[in-house]
Amino acid sequence: MNAADIIKDRVSIPQALSYYGVELSPKGRIPCPIHRGEHKNFAYTQDRFICFVCGAHGSVIDLVMQLFGISYSQALVRLDEDFSLGLLRGRGTPEERRRAKAAAEKRALELQKLERDKLLYQQQTAAYLAEFRGLNRMTESCRPTWDGSGQPPELPQEWAFAFHRIPAVGLWLEMFENFDRWEALTGGGDSGPGIHTGRFSRGHRSL
């Protein structure tokens with residue numbers, strides 16, 4: 001067997017995904033780490049993978065090429081070095097090895113940030129959904145009534161607050177209906193808004 005065949009025999013797709021910071025699934029279906037998808041359209045086995053959205057597919061070597069945007073020979077060197085196979089020691093130019101290593105380190109950082117951003121988005125969405133439901137319950141529980149005679153009753157403060165707050169929360173949920181849109185509009189966790197607490201007291205900050 002040549003070096004490529006040995007690498008494919010010794011390094012599985014799950015091993016490579018895990019090494020490069022991608023969270024695995026017992027069912028072999030995850031969001032695509034190549035085009036940074038949100039839904040589980042990326043399927044993998046021990047030796048093959050395919051994304052049903054972006055079309056990426058192939059072996060563990062193809063995976064590393066597409067994850068890091070490097071050439072076939074760079075992917076071989078990267079896998080050989082990362083998994084200490086000792087197959088290509090002395091092969092590849094120093095520049096190829098340097099670029100492959102730099103690309104791997106950059107991608108690993110990107111994947112780590114992506115996972116943090118996804119968690120932040122999930123936390124924010126859950127909090128806003130909880131607030132939205134709570135505000136709606138509040139408007140129902142203290143809805144003012146008036147039969148049209150005499151002076152209209154004073155609006156309960158809780159109802160007035162909920163009535164004015166609901167559109168803002170609803171707008172957030174509509175604007176950021178999925179992770180990709182949230183990341184595109186906010187820049188993710190590094191520059192996006194802080195985690196919403198889900199509290200809806202009158203003193204809570206506006207959107």
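This is a short presentation on the fold, the aromatic pairs, some buried residues and the largest pocket of one protein chain.

Good morning, colleagues. The model I am presenting is predicted. I shall begin with the overall architecture. The protein has seven helices and four strands, and along the sequence these elements follow the pattern α-α-β-β-β-β-α-α-α-α-α. Of its 207 residues, 39% are buried. If we take the contacts with a separation of 6 or more, residues 24 or more positions apart account for 56% of them.

Let me turn to the sheet. The four strands form an open sheet in the order β1-β2-β3-β4, with antiparallel pairing. Which strands stand at the edges? They are β1 and β4, the latter spanning 57-58, and each has a single partner strand, so one side of each is left without a neighbour in the sheet. Strand β2, residues 42-44, is joined to strand β3, residues 49-51, by three bridges. Within that pairing, A43 has I50 of β3 as its bridge partner.

Just beyond the sheet, I would draw your attention to S59, in the loop between β4 and α3. S59 has a relative accessible area of 5%, and is therefore buried. Once neighbours within four places in sequence are set aside, its contacts are K8, I13, D47, R48 and F49.

I come now to the aromatic residues. A search of the whole structure finds eleven aromatic pairs. One of them is formed by Y20 and F68, whose ring centres are 4.8 Å apart; their planes stand at 80°, so the pair is edge-to-face. These two residues are 48 residues apart, and their pair links distant parts of the chain: Y20 is in the loop between α2 (13-19) and β1 (29-30), whereas F68 belongs to helix α3, residues 60-68. Both Y20 and F68 are buried. Ring pairs also link them with Y19 and F83 in a cluster of Y19, Y20, F68 and F83.

Next, helix α5, which comprises residues 94-141 and includes D117. Is D117 buried or exposed? With a relative accessible area of 2%, D117 is buried. D117 and F179 are 62 residues apart in sequence, yet their C-alpha atoms are 8.6 Å apart in space. The ring of F179 has a further partner: K118 lies over its face, at 6.0 Å from the ring centre.

D117 appears again in the surroundings of G188, a residue in the segment after α7 (179-186). G188 is buried, with a relative accessible area of 0%. Not counting residues up to four places away in sequence, G188 touches K113, D117, W182 and E183. The C-alpha atoms of G188 and L120 are separated by 8.4 Å, although the two residues are 68 residues apart along the chain.

Finally, the pockets. Rolling a probe the size of a water molecule over the atoms shows where empty space is left. In the largest pocket there is about 420 Å³ of space. Which residues lie closest to the centre of the largest pocket? Of the 20 that line it, they are E23, P31, E115, K118 and Q122. Helix α5 gives the most to this lining, with seven residues. K118 thus recurs here as one of the residues closest to the pocket centre, having already been described over the face of F179.

That concludes the presentation; thank you for your attention.

Note on methods:
Residues numbered from 1 in each chain as written. Predicted model: local features only at pLDDT ≥ 70, side-chain atom pairs only at ≥ 80, totals over all residues. Heavy atoms only, no water. Phe/Tyr/Trp six-rings, centres within 6.5 Å; stacked < 30°, edge-to-face > 60°. Buried < 20%, exposed > 50% of the residue type's maximum accessible area, 1.4 Å probe, protein only. Lys NZ or Arg CZ within 6 Å of the ring centre and 35° of its normal. Pairing = 2+ DSSP bridges. Contact = heavy atoms within 4.5 Å. 1 Å grid on protein atoms, 1.4 Å probe; cavity = no way out; pocket = protein on both sides within 12 Å on 5 of 7 lines; lining within 4 Å. Points joined across faces, edges and corners; volume = space filled by probe spheres on them.
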